[in-house]
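Okay everyone, thanks for coming. I'll take a few minutes to walk you through this one, so have a look at the screen.

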Amino acid sequence: MANDCVFCKIIRKEVPTQPIHEDHDLLAFPDISPIAPVHVLVVPKEHMVNLNEAGVKDVPVLGRMLRLAARIANEMGVAETGYRVVINNGDEGGQLVPHLHLHLIGGKALDQKLG
Ligand code: 5GP
Ligand code: ZN
């Protein structure tokens, strides 16, 4: 946990959100500024800045993040139409919030061009 991290505050319920899924390891909630009809963030409850800090011990939780994204995509009705899963890492990767998170984006045709 990092005291001044906004996602840690959401995890600690100090900042409100509408959880889509919560379990021992993970929290999923809507992005506050959605770029598509479906825009969900999946975050590990353990604070790590990004994939640079993820070690071998974190492999199971990284896998669960992907599985949860696929499950939420299915529950939100975009599994068949398609969706994108993105993890931004660091400044040039476009990361604004320094707590590892996965974006699940769908519900419209996304630009094929990345970056
Ligand atoms: P990044 O650029 O770090 O990959 O994406 C951070 C995302 O977090 C952005 O899409 C932004 O809209 C979202 N975000 C930032 N602050 C909050 C917040 O307080 N609540 C929620 N739900 N989303 C946030
Ligand atoms: Zn954090």
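So, the lining of the largest pocket: α1 gives the largest share, three residues. Keep in mind that this is a predicted model. Along with α1 (6–11), at least two lining residues each come from β2 (26–30), β3 and β5 (102–106). The space in there is about 520 Å³, and of the 23 lining residues, D31, I32, H39, L41 and H103 are the closest to the pocket's centre. As for chemistry, the lining splits into 14 nonpolar residues, eight polar and one charged.

Let's stay with H39 for a moment. You'll find H39 in strand β3, residues 38–44. Is H39 buried or exposed? Its relative accessible area is 7%, and the cut-off for buried is under 20%, so H39 counts as buried. Its side chain makes a polar contact of 2.8 Å with the side chain of H103. Beyond four places in sequence, H39 also touches P30, D31, S33, P34, L104 and I105, among others.

Now, on to the cores. In soluble globular proteins, nonpolar side chains tend to be buried together. Here the largest nonpolar core has 16 residues, and V42, I72 and L104 touch the most other members. β2, β3, α2 (59–75) and β5 each give two or more residues to this core, with α2 giving the most, six. Take V42: outside its close sequence neighbours, within four places, V42 contacts L27, A28, M65, L68, I72, H101 and L102. There's also a second, separate core of 11 residues, including A2, I11, V43 and V97.

That's it from me, happy to go back to any of this.

Notes
Residues are numbered from 1 along each chain as its sequence is written. Chains are lettered from A and ligands numbered from 1 in the order in which they are written. This is a predicted model: local features need pLDDT of at least 70, side-chain atom pairs count only at pLDDT 80 or more; totals for chains, interfaces and linings use all residues. Side-chain values use heavy atoms; hydrogens and water are left out. Helices (H or I, at least four residues) and strands (E, at least two) are DSSP runs, numbered from the N terminus. Buried means under 20% relative accessible area, exposed over 50%, partly exposed in between (1.4 Å probe, protein chains only). A polar contact is a pair of N or O atoms within 3.5 Å; within protein, one must be able to donate a hydrogen and the other to accept it, and residues adjacent in sequence count only if both atoms are side-chain atoms. Contact means heavy atoms within 4.5 Å. On a 1 Å grid over the protein atoms alone, a cavity is a set of points where a 1.4 Å probe fits but cannot get out, and a pocket is an open set with protein on both sides within 12 Å along at least five of seven lines; lining residues have an atom within 4 Å of a point. Grid points are joined across faces, edges and corners, and a volume is the space filled by probe spheres set on the points. Ala, Val, Leu, Ile, Met, Phe, Trp, Tyr, Cys and Pro count as nonpolar, Asp, Glu, Lys and Arg as charged, and the others, Gly among them, as polar. A nonpolar core is a set of buried Ala, Val, Leu, Ile, Met, Phe, Trp, Tyr and Cys residues joined through side-chain atoms within 4.5 Å.
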